[in-house]
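Got your viewer open? Let's take a short walk through this one, stop by stop.

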Amino acid sequence: MPRPFRFGVTLLTLDSGPAWREKCRRAEETGYDVLLVPDHLGRPSPFPALVAAAEATERPRVGTFVLNAGFWNPALLAREVATADALTGGRLELGLGTGYVKGEHDAAGLPFEAPGRRVDHLEHTIRELDRLLGDPGQLPKAVQRPRPPLMIGGNGPRMLRLAARHADIAAFTGARQAPGRPEGTLELLPAEQVAASVAAYAAHEAHAADRAEPAERNILVQQVLVTDDRRAAARELAAQGVGVDEDQALEVPTLLIGTPAQMAEQLREHRERHGFSYVTVLDRCLEAFAPVVGELKGS
């Protein structure tokens with residue numbers, strides 16, 4: 001049996017406290033299961049934003065999507081995680097990644113290591129969090145034991161192996177840095193490359209002997225385009241240089257194009273093919289995606 005769908009929304013902008021809380025309540029009203037905050041300079045600080053989101057709502061879980069491990073000392077991060085989990089009543093999900101924007105590290109006065117070193121630091125961080133959060137004498141204490149659910153996001157070979165060993169949720173971005181464009185500008189990967197990443201991950205997971213059960217699989221949808229003419233919308237989007245052509249735009253799991261019913265069918269197909277049962281959208285798509293959430297909720 002496939003996993004039931006879960007739906008998350010990544011909240012990117014903070015205009016005011018009241019506006020933030022209202023946006024969180026609106027996401028709850030429309031059926032989203034998880035309220036998420038990224039970890040970028042120029043965006044809201046993750047943990048206080050998530051505590052406020054939890055206080056404004058009753059049902060959704062809250063999570064980081066994903067923390068830039070290079071910003072964090074593991075011991076200090078363990079304190080933040082335990083505090084946020086306690087303040088949200090055990091609703092926290094912890095997403096971790098290596099970080100990919102050098103300019104943010106420069107602005108923070110932090111080194112931006114080579115990719116392998118960044119993965120090393122992420123792996124060290126995961127092991128330290130497991131040790132510290134699982135220690136009965138550690139204060140403050142997280143509500144969830146031995147720690148909040150862990151999401152690991154990334155597509156490289158080492159990241160896929162790391163997720164297969166440690167993640168409760170494996171997140172696939174389906175995007176990469178666009179060559180020759182400003183740092184942090186992403187382009188979409190074609191469907192076959194996403195499928196190759198999923199297949200490589202599944203092979204690693206099958207050989208992870210200490211796993212109790214397979215991880216939940218997440219996909220971040222970059223755009224939700226409501227239209228009665230899928231091909232015309234795909235053609236227009238491809239012309240913007242997003243990394244895929246017209247035909248590819250109709251196939252990639254990182255785009256949803258069509259009527260709500262067509263989008264729901266696309267997500268069922270992606271779950272069947274790739275195992276993506278946890279679907280995340282950006283907050284600019286919160287309302288456009290809400291009818292799809294309603295159609296698939298509980299299925």
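Before the first stop, a word on labels: helices and strands here are DSSP runs, at least four residues for a helix and at least two for a strand, numbered from the N terminus. Keep in mind that this is a predicted model.

Start by selecting residues 115-133, which make up helix H5, and pick out Glu123 within that helix. Is Glu123 buried or exposed? Its relative accessible area is 16%, and the cut-off for buried is under 20%, so Glu123 counts as buried. Now show what surrounds it: beyond its neighbours within four places in sequence, Glu123 is in contact with Arg158, Leu162 and Arg165.

Next up, the aromatics. There are six aromatic pairs in the structure. Select Phe7 and Phe289: their rings meet edge-to-face, 5.6 Å centre to centre with 65° between the planes. Phe7 belongs to strand E1 (residues 6-10) and Phe289 to helix H11 (residues 286-296), so this pair ties together parts 282 residues apart in sequence. Add Tyr32, which forms a tilted pair with Phe289 at 6.3 Å centre to centre and 40° between the planes. Tyr32 sits in the loop between helix H1 (17-29) and strand E2 (34-37), so here the parts tied together are 257 residues apart in sequence. Both Tyr32 and Phe289 are buried. Bring in Phe5 too, and you have the cluster that ring pairs build from Phe5, Phe7, Tyr32 and Phe289.

Then hop to Arg6, whose charged end sits over the ring of Tyr278, 4.3 Å from the ring's centre.

Last stop: the second largest pocket, with about 460 Å³ of space. Of its 21 lining residues, select Arg147, His166, Ala167, Asp168 and Arg211, the closest to its centre. Colour the lining by class and you'll get eight nonpolar, one polar and 12 charged residues.

How values were computed
Residues numbered from 1 in each chain as written. Predicted model: local features only at pLDDT ≥ 70, side-chain atom pairs only at ≥ 80, totals over all residues. Heavy atoms only, no water. 1 Å grid on protein atoms, 1.4 Å probe; cavity = no way out; pocket = protein on both sides within 12 Å on 5 of 7 lines; lining within 4 Å. Points joined across faces, edges and corners; volume = space filled by probe spheres on them. Nonpolar A, V, L, I, M, F, W, Y, C, P; charged D, E, K, R; others polar. Buried < 20%, exposed > 50% of the residue type's maximum accessible area, 1.4 Å probe, protein only. Contact = heavy atoms within 4.5 Å. Phe/Tyr/Trp six-rings, centres within 6.5 Å; stacked < 30°, edge-to-face > 60°. Lys NZ or Arg CZ within 6 Å of the ring centre and 35° of its normal.
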